[in-house]
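Open your viewer and keep the selection panel handy. We will walk through a few stops together, one selection at a time.

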There are 2 protein chains.
Amino acid sequence: MNSFTEENYLKAIYKLSLNGSQGVSTNAIADLLNTKPSSVTDMIKKLADKKLVSYQKYQGVDLTKKGKDIAISIIRNHRLWEVFLVEKLNFKWDEVHELAEELEHINTHKLTERLDEFLDFPKYDPHGDPIPDKDGKVAYHKDIALSDLKNEEKGVIVGVKEHSKSYLNYLEQLQLVLGTEVKVIDIVAFDSTMKILVNGKAVVISHQASKNLIVKSL
Amino acid sequence: MNSFTEENYLKAIYKLSLNGSQGVSTNAIADLLNTKPSSVTDMIKKLADKKLVSYQKYQGVDLTKKGKDIAISIIRNHRLWEVFLVEKLNFKWDEVHELAEELEHINTHKLTERLDEFLDFPKYDPHGDPIPDKDGKVAYHKDIALSDLKNEEKGVIVGVKEHSKSYLNYLEQLQLVLGTEVKVIDIVAFDSTMKILVNGKAVVISHQASKNLIVKSL
DNA sequence: TTTATTTTTTAGACTAATCTAAATTTATTT
DNA sequence: AAATAAATTTAGATTAGTCTAAAAAATAAA
Ligand SMILES: [Mn+2]
Ligand SMILES: [Mn+2]
Ligand SMILES: [Mn+2]
Ligand SMILES: [Mn+2]
């Protein structure tokens with residue numbers, strides 16, 4: 001079996017591979033996991049020995065089929081637990097990520113499947129992220145950020161790209177939760193600050209905030 | 001915070017301290033945790049540094065208040081998760097121990113309390129073990145084993161002392177589950193093998209099996 | 001196309017948890 | 001009380017994961 005640490009690396013590599021299509025860079029992994037590039041190199045070697053990644057020095061890493069399967073199953077777990085915590089234990093969406101980071105590693109096929117069934121096979125987690133199905137298929141959103149909308153355009157919020165407590169908490173205060181309709185009513189050319197209409201109220205948010213909100217255009 | 005390993009040691013020491021009232025011996029801990037006495041000595045020193053146990057060389061260990069509190073909270077967690085797995089996810093009582101061994105270490109006050117509430121504040125786990133309340137109070141059974149009953153005496157099964165899959169599975173086959181009434185109809189003097197009446201059927205079980213069943217005498 | 005900068009890897013060291021083998025202390029027998 | 005056995009501790013190694021500092025390779029700039 002794989003250690004928690006190995007699993008966290010696989011998950012990080014998987015997530016980073018969704019953006020750039022090239023091999024994932026050592027520094028990017030180090031950044032995401034708050035560790036040092038030298039530690040990443042060490043771990044990559046180990047994962048390569050286990051055939052979970054393919055790797056040539058200085059060229060970055062890619063997950064093998066096996067590595068990708070593991071990464072996706074951990075993400076499946078993570079998101080199912082997040083649904084459980086919010087739906088069944090009444091946690092708020094900004095409280096569940098850290099707990100799910102631990103629960104995701106209790107990785108027994110049977111537990112995952114039972115949990116999925118108990119939750120009635122949810123498709124999305126509390127942050128709008130798609131839950132991989134039991135065969136590992138993931139239904140990604142088409143990635144339109146709120147910041148991609150033009151003036152006067154409307155959208156409905158379907159997800160967030162950033163899971164930090166401070167961000168989610170901030171969104172909630174602005175009533176920018178999943179399912180909310182928004183309309184762009186002004187964009188500052190200088191720094192892309194947006195004024196939007198939320199439940200009838202005008203709200204001003206930074207580009208940093210708007211680019212992490214995923215919307216479905218209306 | 002404490003590592004999973006440290007928590008497992010604390011739990012082991014707690015459990016062993018329930019029998020003998022003296023300091024818990026190094027070898028007993030090593031046995032229970034399937035590790036070597038020398039490893040135990042090392043860990044004990046670390047726990048002593050953290051003031052979680054009191055310890056003098058060659059004299060065994062005792063938990064401090066702090067150490068005991070941690071041990072009990074882990075056990076509380078363990079048993080709540082077992083209830084969850086059986087009641088909500090439809091696992092059988094012989095399938096949950098290993099999973100709970102992992103879940104118990106995800107030790108957040110809030111998670112435990114929410115889980116307790118979700119489960120409607122259960123008093124006992126699927127094996128009849130008492131669940132410590134949120135202040136750490138534990139309502140232990142008076143420890144009458146089935147093997148303590150005399151011929152012709154009756155009892156109802158309220159718990160098991162041994163949690164192995166093979167034992168629990170065996171009990172289930174014999175219909176010796178929690179709540180079942182039994183009556184002793186014969187005891188072999190030589191080796192204490194018992195013949196008992198279970199749901200109208202006569203069943204023969206070894207002393208090894210009968211001494212691990214906790215009963216309430218009727 | 002050299003020079004400078006950035007990225008990545010190596011070398012060597014550290015901590016947590018474990019082990020084997022040897023030494024020491026305690027307990028049990030004679 | 002001495003000898004033997006059992007329990008416990010120490011000494012020294014090992015593995016996983018991490019780090020800092022230095023070397024090497026790849027990129028970017030001049
Ligand atoms: Mn999350
Ligand atoms: Mn999520
Ligand atoms: Mn258990
Ligand atoms: Mn139990």
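What spacing do the donors of the manganese ion (ligand 2) follow along the chain? They follow E-x42-D-x1-H. Before we zoom in, some ground rules: this is a predicted model, where local features need pLDDT of at least 70 and side-chain atom pairs count only at pLDDT 80 or more, while totals for chains, interfaces and linings use all residues. Residues are numbered from 1 along each chain as its sequence is written, chains are lettered from A and ligands numbered from 1 in the order in which they are written, and side-chain values use heavy atoms, without hydrogens and water.

**Stop 1: the manganese ions**

Select ligand 2 with A:Glu82 (OE), A:Asp125 (OD) and A:His127 (ND1), its protein donors, which lie 2.1 to 2.3 Å from the ion. Donors here are N, O and S atoms within 2.8 Å of the metal (3.2 Å for Na, K and Ca); water is not among the atoms, so sites may look incomplete. Now add ligand 1, also a manganese ion: the two ions are 3.4 Å apart, and A:Glu82 coordinates both. A:Glu82 sits in helix α4 (residues 65-88) of chain A and A:His127 in the loop between α6 (109-118) and β3 (154-160) of that chain, so the pair ties together parts that are 45 residues apart in sequence. Helices (H or I, at least four residues) and strands (E, at least two) are DSSP runs, numbered from the N terminus. Both A:Glu82 and A:His127 are buried, meaning under 20% relative accessible area (1.4 Å probe, protein chains only).

**Stop 2: DNA strand C**

Next, select DNA strand C and the 21 residues around it; A:Lys45, A:Tyr55, A:Lys57, B:Ser3 and B:Lys46 are the closest. A residue counts as near if one of its heavy atoms lies within 4 Å. Of the strand C atoms that come within 4 Å of the protein, 76% belong to sugar and phosphate.

Zoom in on A:Lys57, where a side-chain N or O atom is 2.5 Å from a phosphate oxygen of strand C. On chain B, a polar side-chain atom of B:Tyr9 lies 3.5 Å from a phosphate oxygen, and one of B:Tyr58 lies 3.4 Å from a sugar or linking oxygen. Colour α3(B) too: with 5 residues, this helix gives the largest share of the surface near the strand.

**Stop 3: the sheet in chain B**

Finally, show the 5 strands of chain B that form an open antiparallel sheet in the order β6-β5-β4-β3-β7. Strands pair if DSSP finds at least two bridges between them. At the edges, β6 (201-205) and β7 (213-217) each have a single partner strand, so one side of each is left without a neighbour in the sheet. To see one bridge, select B:Lys195 and its partner in β6(B), B:Val204.

Notes. Polar contact = N/O pair within 3.5 Å; in protein donor to acceptor, adjacent residues only side chain to side chain. Buried < 20%, exposed > 50% of the residue type's maximum accessible area, 1.4 Å probe, protein only.
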